[in-house]
Structure formats: structure tokens, C-alpha cells
Amino acid sequence: MTTAVCTSASAAAAPAGQALPLPRLRPGAGPLLYPSFSSYVQARQPVLLRTARSLTANPSDAEDLLQTALAKTYVAWERIEDHRALDGYVRRALLNTRTSQWRKRRVDEFVCDELPEPEPAPDAQQDPAERQALHDAMWRAIAKLPARQRAMVVLRYYEDLSEAQTAEVLGVSVGTVKSAVSRALGKLREDPELDLVR
């Protein structure tokens, strides 16, 4: 079954600082057994949610993706020896979960010419900043990339991981990361929408 999803960078912009609840492990589950896990989630949630949003088409899917990754991390909490590497563990869980979703359900994503936007309040300023226009255009262009290239671009340039770290997170060689990122950047350079805002 193929589901068409209309994506937009503006749809991915949810209120900053909005806290997610801790993972829902099972109905009727008691309090969390690991206070250190709770502290970790509270401290690192904004960064991890940004990564999840970069991998999905909308904020709700990103929150669900992060919830699933955190639940997997919670289950493995006692087995994780180096808690300094938790971000890498959760990123890997995010990517593995998202990859499983791609394999289970094929989704055709396309950029719409116009999205239904709420009418702005009469006193709202109608002049958007050029930076926001470029930001939106860039996310629309990134959304057009194949899923694997998109993940690599997000990890390299939005999460600021090195090529070696990106390769490790994705389980591929550094050469694969270099060639895929190079192809992705070539596509972004040729995107006509980005020409309009340069």
C-alpha cells in the first residue's frame, strides 16, 4: 500500500522547548526504574527531537519516532556500559526504527505547490524574513532527497557529525558517506527552488 504524504518545512516547525512525555513502555507500567534515564531524557530531549524531526515528514511522526527510540534505550539501559555515548545509541535507534518504518510501508513524499495555511491574524506582520524563506526552501529541497541521502545530510550538517561518525551510525563505510553526501549536495545545488532564494 502506498500512502502519499504532502511535506512542508513549515509543517515541521513545532514550538521550541515543548517537552515530550517519557516513553510509554506498556499500559499500567509503574514509575521509571532508572532516575538517570529520566535525567538524560530531560537534558537531551531537544537535541534528539531535532534529529527525529530531520528524519520524518512532520512533528507528530518525529515525536512518535523519538518515543520508540527512547523506549528501546530504556529497555537496554542496564546493558549500556558507556553512558557518555548515549546520544549515539539513541541516534542509532532513531535511524534503525525509521529504516524499519520505510521498509514496512512505502511512502511517496512530494512537495505541494500550496499548503492550506491558517489565515494570519489581522495585526500579524506579513513580511517573512529572508532567512526563514531560505530555511523553508532548504528543508523542502532536503525532503526531495532519497531517504538514505537525507539521513546522511542531516547527520553531517545538522547534527555536525564527522564522516566517520556518520558512517558508524548508519553502519556503512566512510567512502559510502562521502559519495552519497556528494551526490546529495549536487542535487541541492541544482534545486531550482534554492536558486530563487540565493
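These legends walk through a few views of a predicted protein model.

As this is a predicted model, local features need pLDDT of at least 70 and side-chain atom pairs count only at pLDDT 80 or more, while totals for chains, interfaces and linings use all residues. Residues are numbered from 1 along each chain as its sequence is written, and side-chain values use heavy atoms, with hydrogens and water left out.

**View 1. The whole chain, with eight helices and two strands.** Helices (H or I, at least four residues) and strands (E, at least two) are DSSP runs, numbered from the N terminus. Starting there, the order is β-α-α-α-β-α-α-α-α-α. Of the 198 residues, 36% count as buried (under 20% relative accessible area, with exposed over 50% and partly exposed in between; 1.4 Å probe, protein chains only).

**View 2. Helix H7, residues 174-190.** At 1.5 Å a residue, its 17 residues should span 24 Å (1.5 Å times one less than the number of residues), and the end C-alpha atoms agree, sitting 24 Å apart. Val177, Ala180, Val181, Ala184 and Leu188 are buried. Down the axis, these buried residues fall within an arc of 100° (taken from the directions from the helix axis to the C-beta atoms), so they line one face of H7. Over on the other side, Arg189 and Glu190 are exposed.

**View 3. Strand E1, residues 2-7, has the lowest mean pLDDT among the elements, at 45.** pLDDT is the predictor's confidence in each residue, from 0 to 100. H7 has the highest mean, 91. Residues 1-17 are below 50, yet this stretch has 36 contacts beyond near neighbours in sequence (heavy atoms within 4.5 Å). Where pLDDT is low, don't read the predicted coordinates in detail.
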